[in-house]
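Please work through the exercises below with the sequence and the structure at hand. Each task is followed by a solution in steps.

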Amino acid sequence: MNVQPQIAIKHSTCPHDCPSACGLDVEVIDGTSIGRVRGSKRQSYTAGVVCAKVARYAERIHHPERLTYPMRRTGPKGSGQFARITWDEALDEIAAKFNAAERDFGAESVWPYFYAGTMGLVMRGGIDRLTHEKKYSRFYGTICSTVAYVGFTAGTGKVAGVDPREMVKSDLIVIWGTNPVSTQVNVMTHATRARKERGAKIAAIDIYDNDTMKQADIKILLRPGTDGAFACGVMHVLFRDGFADRAYLAAYTDASPELEAHLATRTPEWASDICGVPAAEIEAFAHLVGTTPRSFFRLGYGFTRSRNGATQMHAALCVPTVTGAWQHEGGGAFFNNAAIWKFDKTLIEGLDVIDPTVRRLDQSRIGRILTGDADALRGGPPVKAMLIQNTNPVTVAPEQALVRQGFAREDLFVAVHEQFMTETAMMADLVLPATMFMEHDDLYYGGGHQHISVGAKLIDAPGECRANHDVIQGLAARLGATHRGFAMTAREIIDATLAASGHGGIDGLEADIWRDLQPDFRASHYLDGFAHADGKFHFKADWANVPMANAGLMGRWETMPSFPDHWTAIETVDDAHPFRLATSPSRSFLNTSFNETPSSQAREGAPTVMIHPVDAAQLGIADGDAVTLGNPRGETTLTARIFDGLRRGVLIAESIHPNKSHIGGRGINMLTGSEAVAPYGGAAFHDNKVWMRKA
Ligand code: SF4
């Protein structure tokens with residue numbers, strides 16, 4: 001007799017590095033495996049929609065290539081030769097290596113390294129508790145959001161904005177510097193509803209005709225790194241043609257005659273020369289914004305991954321402020337809600353035991369750090385031992401040639417706690433198997449919305465997989481680290497963190513499933529003032545004193561323009577490097593998560609680079625040709641795709657494919673740079689001058 005499987009629908013939250021942090025309804029089959037994953041209709045931002053890669057999560061969580069037991073390297077670094085060991089052997093060895101490094105080179109020679117492979121607070125941040133307790137080198141996370149946060153905060157005073165669900169009340173939705181059809185699908189749910197229900201227009205501003213721009217009513221195609229110029233051209237028209245809301249500007253902003261005089265010189269023609277958008281299009285867009293009070297600016301990360309990224313975000317944010325769009329329901333701007341959660345992370349991250357004299361090493365500069373660059377090491381000892389969780393720097397970090405050189409060091413001990421044999425795990429001395437989100441408990445928030453939630457363990461992990469928290473606990477016991485967080489379960493930490501943060505406890509949040517923390521209308525629209533000390537929106541940015549946590553001023557911050565402008569700090573083309581390359585995110589990979597799932601591999605295929613047909617013809621390159629891109633940092637070889645949806649001189653390589661998928665095995669980040677982006681660090685992944693030739 002056939003026994004029908006028992007399917008229960010359980011709730012969870014997507015933990016991946018994506019602002020949507022979707023509320024999920026998960027089919028749990030016989031309590032042991034996962035079936036279909038759907039977007040929950042009960043979570044008002046997710047509204048029943050998730051991306052295809054998570055809808056098919058069963059192929060990832062039940063993938064036959066999951067790591068399931070600890071292993072020790074038995075061959076040369078990178079050879080892939082490993083032998084099974086026990087967890088006790090693995091943890092003992094890590095502790096011994098960490099202690100040896102500390103004894104010989106000081107505690108700062110140990111550098112625990114992590115990032116956003118899970119956005120769950122406990123599993124992501126617990127490693128910091130060990131770092132701080134042991135006075136290991138601190139981790140300065142810059143690779144994703146630092147530049148964007150600075151740019152937004154310079155204007156508003158904090159990272160928060162209009163309820164993104166308000167897009168359905170908008171008449172114009174400007175999607176700027178983000179490709180949500182591929183990377184955060186829920187933006188489109190609300191934007192397209194506004195179009196359907198009230199005839200709203202969707203405008204997309206980006207550097208190529210990506211999947212979002214294809215769906216837009218208005219397409220603004222820029223050269224990379226010129227968003228600030230475009231924004232200034234628009235603001236010039238807004239002031240010139242009487243669309244500036246002067247009463248609003250006087251009450252809510254620091255707008256001044258100097259600002260207007262500055263923008264008076266930033267004509268549409270001036271902007272057009274820089275950004276490539278015809279002046280008539282700049283005029284038309286400005287008039288549309290100027291005549292549409294309910295204009296919602298959904299600003300993304302993409303245009304901030306540039307050496308002038310902070311100024312670009314700030315300039316874009318200034319546009320709806322000139323018109324006073326913030327005053328209207330469905331108007332204003334949103335980028336991220338980081339300021340609304342108010343989580344007290346003391347317990348999770350061990351903030352109570354931080355020694356501020358311990359150096360902070362910049363995540364984005366890992367290549368230089370591991371190869372002994374004194375500046376990147378901040379004058380301290382070499383890094384001799386690492387534990388890596390939730391990230392894959394051999395593939396994702398900039399300046400890949402140096403990253404690979406660093407990980408190849410025989411005197412560097414590396415333990416990687418991972419779900420799959422990533423290219424970083426391949427270089428490790430020890431590889432430890434990690435749980436996925438449905439296999440452990442954690443606490444989640446949505447950067448792109450307003451909900452918090454507990455994601456409880458739904459099924460057992462395969463083999464001997466352990467959660468990040470358990471591994472950190474095991475190491476803490478061996479290393480003599482005594483913070484109270486090491487003696488608690490993940491659930492106890494969640495409960496205590498919620499209580500300390502004024503959010504009740506774990507039982508209450510689990511009962512709510514997803515809790516909506518969106519501030520009220522007046523707060524979200526800054527109608528009682530912006531978050532700077534003077535209560536004003538700042539058109540004049542004070543880059544040296546933006547009110548956000550940082551590790552000190554970096555990059556060419558002294559030369560940043562105070563008023564919105566085109567800051568020329570980007571890598572400009574020259575005779576030897578006539579193209580500008582951006583490494584925009586692909587739809588089916590999420591950084592390198594999902595590199596291993598068959599459906600993502602099938603959809604993405606081999607790595608390609610898009611090139612304008614005229615440029616391709618001049619180089620004698622045909623569609624499908626193997627081409628090599630290069631600059632002083634390195635070279636990579638991939639397949640040309642002739643595409644007329646970008647400006648001449650621009651190349652787009654949707655990413656991130658494994659290095660090994662590139663012809664010759666060198667990945668796209670061979671070309672990206674790691675010098676710190678001003679003013680507080682970050683990586684300029686879309687800001688690369690390169691040459692190109694047939695391979
Ligand atoms: S859209 Fe983003 S948050 Fe939602 S399921 Fe996909 S990866 Fe996860």
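The exercises concern a predicted model and treat its domains, a helix pair, the ligand shell and unusual backbone geometry.

**Exercise 1. State which domains the assignment gives for the chain, and how far apart the C-alpha centres of domain 2 and domain 3 lie.**

Solution. Step 1: the domain assignment places domain 1 at 7-61, domain 3 at 147-335 and domain 4 at 579-694. Step 2: domain 2 is written in three segments, 71-143, 344-440 and 468-488. Step 3: between the C-alpha centres of domain 2 and domain 3 there are 39 Å.

**Exercise 2. Determine whether helices α5 and α14 are parallel, oblique or perpendicular to each other, and give the handedness of their crossing.**

Solution. Step 1: locate α5 at residues 146-156 and α14 at residues 309-322. Step 2: their axes come within 7 Å and cross at roughly 40°. Step 3: this crossing angle makes α5 oblique to α14, since angles under 35 degrees count as roughly parallel and 65 to 115 as roughly perpendicular. Step 4: the crossing of α5 and α14 is right-handed.

**Exercise 3. List the residues around the ligand and sort the shell by class.**

Solution. Step 1: the residues around the ligand include C14, H16, C18, S20, A21 and C22. Step 2: V50, C51, V54, Q184, V185 and L590 are also among them. Step 3: by class, the shell has 9 nonpolar and 3 polar residues, and no charged ones.

**Exercise 4. Find where the cis peptide bonds at I656 and P679 are located.**

Solution. Step 1: most peptide bonds are trans. Step 2: S655 and I656 are joined by a cis peptide bond with omega of about 10°. Step 3: another cis peptide bond joins A678 to P679, with omega of about 5°. Step 4: I656 is in the loop between β24 (650-652) and β25 (688-694), and P679 is likewise in the loop between β24 and β25.

**Exercise 5. Decide whether A47 and E399 are buried, partly exposed or exposed.**

Solution. Step 1: most residues other than glycine have a negative phi. Step 2: A47, although not a glycine, has a positive phi of about 50°, and E399, also not a glycine, has a positive phi of about 55°. Step 3: A47 lies in the loop between β3 (33-39) and α1 (52-55), whereas E399 lies in the loop between α17 (393-396) and α18 (400-407). Step 4: a residue is buried if 20 or more other C-beta atoms lie within 10 Å of its own, and exposed if 12 or fewer do. Step 5: A47 has 18 other C-beta atoms within 10 Å, so A47 is partly exposed. Step 6: E399 has 25 within 10 Å, so E399 is buried.

Technical notes: Residues are numbered from 1 along each chain as its sequence is written. This is a predicted model: local features need pLDDT of at least 70, side-chain atom pairs count only at pLDDT 80 or more; totals for chains, interfaces and linings use all residues. A residue is near a molecule or strand if its C-beta atom, placed from the backbone, lies within 6 Å of it. Ala, Val, Leu, Ile, Met, Phe, Trp, Tyr, Cys and Pro count as nonpolar, Asp, Glu, Lys and Arg as charged, and the others, Gly among them, as polar. Helices (H or I, at least four residues) and strands (E, at least two) are DSSP runs, numbered from the N terminus. Domain bounds come from an automatic or database domain assignment. Axes are lines fitted to C-alpha atoms, for helices over the stretch in contact, and angles run from 0 to 180 degrees between N-to-C directions. Angles under 35 degrees count as roughly parallel, over 145 as roughly antiparallel, 65 to 115 as roughly perpendicular and the rest as oblique. A crossing is left-handed if the near helix is turned anticlockwise from the far one by less than a right angle, and right-handed if clockwise.
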